[in-house]
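Q: Please take a close look at one part of this model, the ligand site, and go through it in one connected answer.

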Amino acid sequence: MHNNRIGVLISGGGTNLQALIDKAEANYFNASVEIVISNCKDAYGLQRAKTHGIKTEVVDKRQFESEAEFNKAMIEILKNNAVHLVVLAGFLSILSREFVNTFKNQILNIHPALIPSFCGKGFYGKRVHQAALDYGVKITGATVHFVDAGTDTGPIVLQKAIEIDNNDDADSLQKKVLKLEHQLLPLAVKLFFENKLQIIETNRKRTKVKISE
Ligand code: GRF
């Protein structure tokens with residue numbers, strides 16, 4: 001058994017969730033996926049979790065009176081499962097300030113671009129890759145970051161880049177970037193549980209992550 005417990009939030013297919021499950025089973029990091037929460041009952045990632053005997057919960061925003069109540073429901077599930085780390089793996093809803101404060105410096109998100117490019121409100125799924133293509137950038141990539149109260153604004157943990165080819169479209173880019181994501185996210189989780197991620201303040205009111213050797 002692993003000592004550390006991860007809660008994963010998803011909204012969709014869950015290939016990043018799968019990468020985490022596989023790495024946990026291979027003992028790549030000292031943690032297990034304890035609970036998977038989806039805000040969408042049809043998310044295929046729920047099936048992936050069930051196949052591996054992982055608990056699942058659906059928390060549908062529409063069943064709550066407010067964003068705050070929706071977030072409280074997720075906080076309660078995560079607390080009941082005593083998670084040490086929350087991973088957003090394709091979770092398409094913004095977390096409340098209360099949620100972020102409850103799990104301060106304990107929430108990781110994966111974003112399919114090189115933050116601070118092509119991120120923030122409205123940049124999700126293939127839109128991110130289409131925006132990179134439309135802009136004409138020659139490289140893109142994936143970013144893992146801690147989650148703060150903003151959208152894709154938290155301190156960056158890991159990034160990896162790939163080149164964009166002339167014949168790439170949003171589909172091909174998404175496939176290439178997902179391959180990076182499946183490496184980066186488990187690596188960030190590993191570093192987190194090895195206590196190698198140190199969040200430090202900079203003089204510009206920003207925080208950044210120093211990775212220790
Ligand atoms: C990924 O591209 C991730 O970066 C973004 O949403 C997508 C989720 O993909 N946040 P999957 O559900 O893990 O396959």
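Which residues are around the ligand?

A: This is a predicted model, in which local features need pLDDT of at least 70 and side-chain atom pairs count only at pLDDT 80 or more, while totals for chains, interfaces and linings use all residues. Residues are numbered from 1 along each chain as its sequence is written, and side-chain values use heavy atoms, with hydrogens and water left out.

The residues around the ligand (one heavy atom within 4 Å of it) are Gly13, Gly14, Thr15, Asn16, Gly90, Ile110, His111, Pro112, Leu178 and Glu181. By class, three of the shell residues are nonpolar, six are polar and one is charged. Here Ala, Val, Leu, Ile, Met, Phe, Trp, Tyr, Cys and Pro count as nonpolar, Asp, Glu, Lys and Arg as charged, and the others, Gly among them, as polar.

Polar contacts are pairs of N or O atoms within 3.5 Å; within protein, one must be able to donate a hydrogen and the other to accept it, and residues adjacent in sequence count only if both atoms are side-chain atoms. An oxygen atom of the ligand lies 2.7 Å from a backbone N or O atom of Gly14. A polar backbone atom of Asn16 is 2.8 Å from an oxygen atom of the ligand. At Ile110, a polar backbone atom is 3.0 Å from a nitrogen atom of the ligand. The ligand taken alone exposes 370 Å², and the protein buries 84% of that (Shrake-Rupley method, 1.4 Å probe; for residues, only the protein chains shown count as cover).

Helix 1 (15-25), strand 5 (107-111) and helix 6 (170-193) each give two or more residues to the shell around the ligand. Helices (H or I, at least four residues) and strands (E, at least two) are DSSP runs, numbered from the N terminus.

The ligand takes up the space of the largest pocket; to sit there, more than half of its atoms must lie within 2 Å of the grid points. A pocket is an open set of points on a 1 Å grid over the protein atoms alone, where a 1.4 Å probe fits, with protein on both sides within 12 Å along at least five of seven lines; lining residues have an atom within 4 Å of a point. The largest pocket has a volume of about 820 Å³, the space filled by probe spheres set on the points, which are joined across faces, edges and corners. It is lined by 38 residues, of which Gly90, Phe91, Leu92, Ile110 and Tyr124 are the closest to its centre. Its lining has 14 nonpolar, 20 polar and four charged residues.
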